[in-house]
Amino acid sequence: MLVARGIFQLAARRGVHTTRILASTAPAAADASSGDNLILNFSLPAASIYRNKPVASVVIPGLAGEYGVTKNHSPVIAELKAGVVQIVHETGQAPEKFFVSGGFALTHANSVTDIAVVEAAKLEDIDAEEVPKIYAEAMKDYNAAAEGSKEKVEAQIEVEVAKSLAGALGVALT
Amino acid sequence: MSASLGYQAARRLILGGATRMVARGMASEKEIAARMKSTAGINKITKTMKMVAASKMRGDEDRLKAGRPFQKWVDGFTPPPVLLEDFAKSLDKLPQSNLLVVITTDRGLCGGVNSSLARVMKHMVPALDKEKKDVQLFIVGDKGRATMGRPLGEFITQINSDSGTPYNFSLAAALAQDVTQIKADAVHVVFNRFRSAIAYEATVKTLYPPAALTGEPYVEYEFEPDTKTEVLDDMYEMAIATTMFTSMLESAAAEQSSRMNAMENASKNGEDLIKELSIQYNRARQSRITTELVEIISGASALES
């Protein structure tokens with residue numbers, strides 16, 4: 001749960017508003033004839049990004065590593081780390097990328113995948129130039145905090161999230 | 001407030017003095033006028049509170065609509081929510097130790113949202129206790145403290161109040177941490193579900209801590225990372241946070257709709273009272289005028305004769 005709060009602070013600092021995502025996504029009606037698609041539910045406490053949306057595939061940032069889900073994938077319960085969720089709506093298209101905080105992803109036997117995270121932002125909405133600054137501040141807090149204290153752990157989370165953001169956006173960190 | 005006092009009781013309170021004096025002699029115009037003025041003042045307040053509650057309800061309803069889908073990921077692996085009245089009828093199905101998380105409001109003058117929950121709790125908790133089942137109460141909201149603090153004091157583990165609205169996920173996550181520390185075989189979140197601007201229903205959502213699950217749970221699922229117990233514990237905590245978050249959103253919207261209706265009723269009652277007082281006032285005024293006329297005339301005729 002600390003991971004969730006880390007990205008929370010990060011997102012709050014950056015002023016990335018989830019509401020901006022909503023403008024572009026309308027909840028799709030459940031598609032019975034989903035063909036080769038899996039049904040995706042992607043939601044945050046503040047908003048539902050996709051509800052019963054048929055998509056071709058999703059790449060999910062699990063704690064143990066990224067993994068991809070397509071229709072008829074075996075059931076999985078995965079704990080997530082801060083990273084990128086990639087959604088391919090139709091095979092062949094470029095993936096839509098969201099940077100997410102920690103959370104959970106459940107893939108059920110009926111090809112329904114639920115992704116529940118605390119915060120998410122479209123990768124293109126994130127200001128890449130701010131990331132090195134966030135990283136530098138987080139490193140400062142990390143080095144200044146006492147060993148084993150709550151501040152140290154929180155700063156460590158911020159550092160890891162910043163690194164993950166940098167990786168996702170292709171920004172170099174010093 | 002007239003709404004909570006009940007129409008007849010309020011009428012007696014405000015007209016009380018006046019009706020007694022009518023029996024003795026004439027009710028004083030000034031007193032009736034004073035009561036009319038104070039009732040009108042209260043009416044202004046209740047009307048304003050109604051408008052404020054209506055606008056707050058719109059905001060809470062929007063937040064609720066946006067946040068309700070988030071609960072779906074939990075509903076996938078937990079029993080569906082049940083009505084509190086049905087839950088209270090099947091207490092024998094409950095496990096040995098239970099934690100009841102009750103969501104109430106911080107502010108009052110909101111109709112029956114809190115009292116309806118408290119009423120059921122005051123019957124249910126001692127009943128469970130009599131059946132030798134462990135019950136603990138985790139209360140959210142100051143009115144929960146007011147209505148259940150004394151009668152159910154021995155069962156209360158924690159009270160959380162004045163957290164500030166609107167509720168957000170951070171608060172829910174913080175409360176979830178406290179909830180998961182309390183050992184229980186089942187956690188039941190009791191809240192008022194928002195149905196519409198005029199309807200809400202008391203609902204219970206039950207979650208089971210992984211430690212209390214018998215057999216091999218989720219055997220058909222692969223776990224990433226494969227430390228199944230840790231993943232299940234974290235997932236449970238997030239499920240509790242999610243459930244508390246959505247039930248607090250429902251409770252907030254229900255609170256505003258209930259307050260809106262209560263204040264509407266109070267305003268209506270107030271207007272009726274003013275009408276009655278106005279009739280009384282005119283009667284008193286007319287009888288005063290008649291008395292004065294009679295005095296003048298009898299005085300004049302005494303002079304003549």
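The following paragraphs lead through a predicted model, beginning with the overall form of chain B and ending with one buried lysine.

Chain B contains nine helices and seven strands. Its radius of gyration is 28 Å, whereas the globule rule gives 19 Å for 305 residues, so the chain is more spread out than a compact globule. The C-alpha trace of chain B spans about 115 × 40 × 25 Å along its principal axes. Of the 305 residues in this chain, 42% are buried. Among the contacts in chain B with a separation of 6 or more, 77% join residues that are 24 or more positions apart. The chain exposes about 15,700 Å², of which carbon and sulfur atoms supply 54%.

One element to trace is α3(B). This helix has 39 residues, which at 1.5 Å a residue should span 57 Å; its end C-alpha atoms lie 56 Å apart, in agreement with that expectation. At the N-terminal end, B:Ser28 acts as a cap, with a side-chain oxygen 3.2 Å from the backbone nitrogen of B:Lys30. Buried positions in α3(B) include B:Glu29, B:Ile32, B:Thr39, B:Asn43, B:Thr46, B:Ala53, B:Met57, B:Asp60 and B:Leu64. In general, residues three or four places apart in an α-helix point the same way, because there are 3.6 residues a turn.

The largest nonpolar core comprises 50 residues, and B:Trp73, B:Val101 and B:Met244 have the most contacts inside it. At least two residues of this core come from each of β8 of chain A and α3, α4, β2, β3, α8, β5 and α9 of chain B. The greatest contribution is that of α9(B), with 15 residues. Beyond residues up to four places away in sequence, B:Met244 touches B:Val101, B:Ile103, B:Val140, B:Ala172, B:Leu175, B:Ala176 and B:Val179. There is also a second, separate core of 22 residues, which includes A:Leu44, A:Val55, A:Ile87 and A:Ala105.

The final site is B:Lys133, located in the loop between α6 and β3 of chain B. Is this lysine buried or exposed? Buried means under 20% relative accessible area, and B:Lys133 therefore counts as buried at 10% relative accessibility. Apart from neighbours within four places in sequence, B:Lys133 is in contact with B:Leu91, B:Asp92, B:Leu94, B:Pro95, B:Gln96, B:Asn98 and B:Leu128. Of the pair B:Lys133 and B:Leu91, the C-alpha atoms are 9.6 Å apart in space, while the residues are 42 apart in sequence.

Technical notes: Residues are numbered from 1 along each chain as its sequence is written. Chains are lettered from A and ligands numbered from 1 in the order in which they are written. This is a predicted model: local features need pLDDT of at least 70, side-chain atom pairs count only at pLDDT 80 or more; totals for chains, interfaces and linings use all residues. Side-chain values use heavy atoms; hydrogens and water are left out. A nonpolar core is a set of buried Ala, Val, Leu, Ile, Met, Phe, Trp, Tyr and Cys residues joined through side-chain atoms within 4.5 Å. Buried means under 20% relative accessible area, exposed over 50%, partly exposed in between (1.4 Å probe, protein chains only). Helices (H or I, at least four residues) and strands (E, at least two) are DSSP runs, numbered from the N terminus. Contact means heavy atoms within 4.5 Å. The expected span of a helix is 1.5 Å times one less than its number of residues. A polar contact is a pair of N or O atoms within 3.5 Å; within protein, one must be able to donate a hydrogen and the other to accept it, and residues adjacent in sequence count only if both atoms are side-chain atoms. The radius of gyration is taken over C-alpha atoms; the globule rule is 2.2 Å times the number of residues to the power 0.38. Accessible areas come from the Shrake-Rupley method with a 1.4 Å probe; for residues, only the protein chains shown count as cover.
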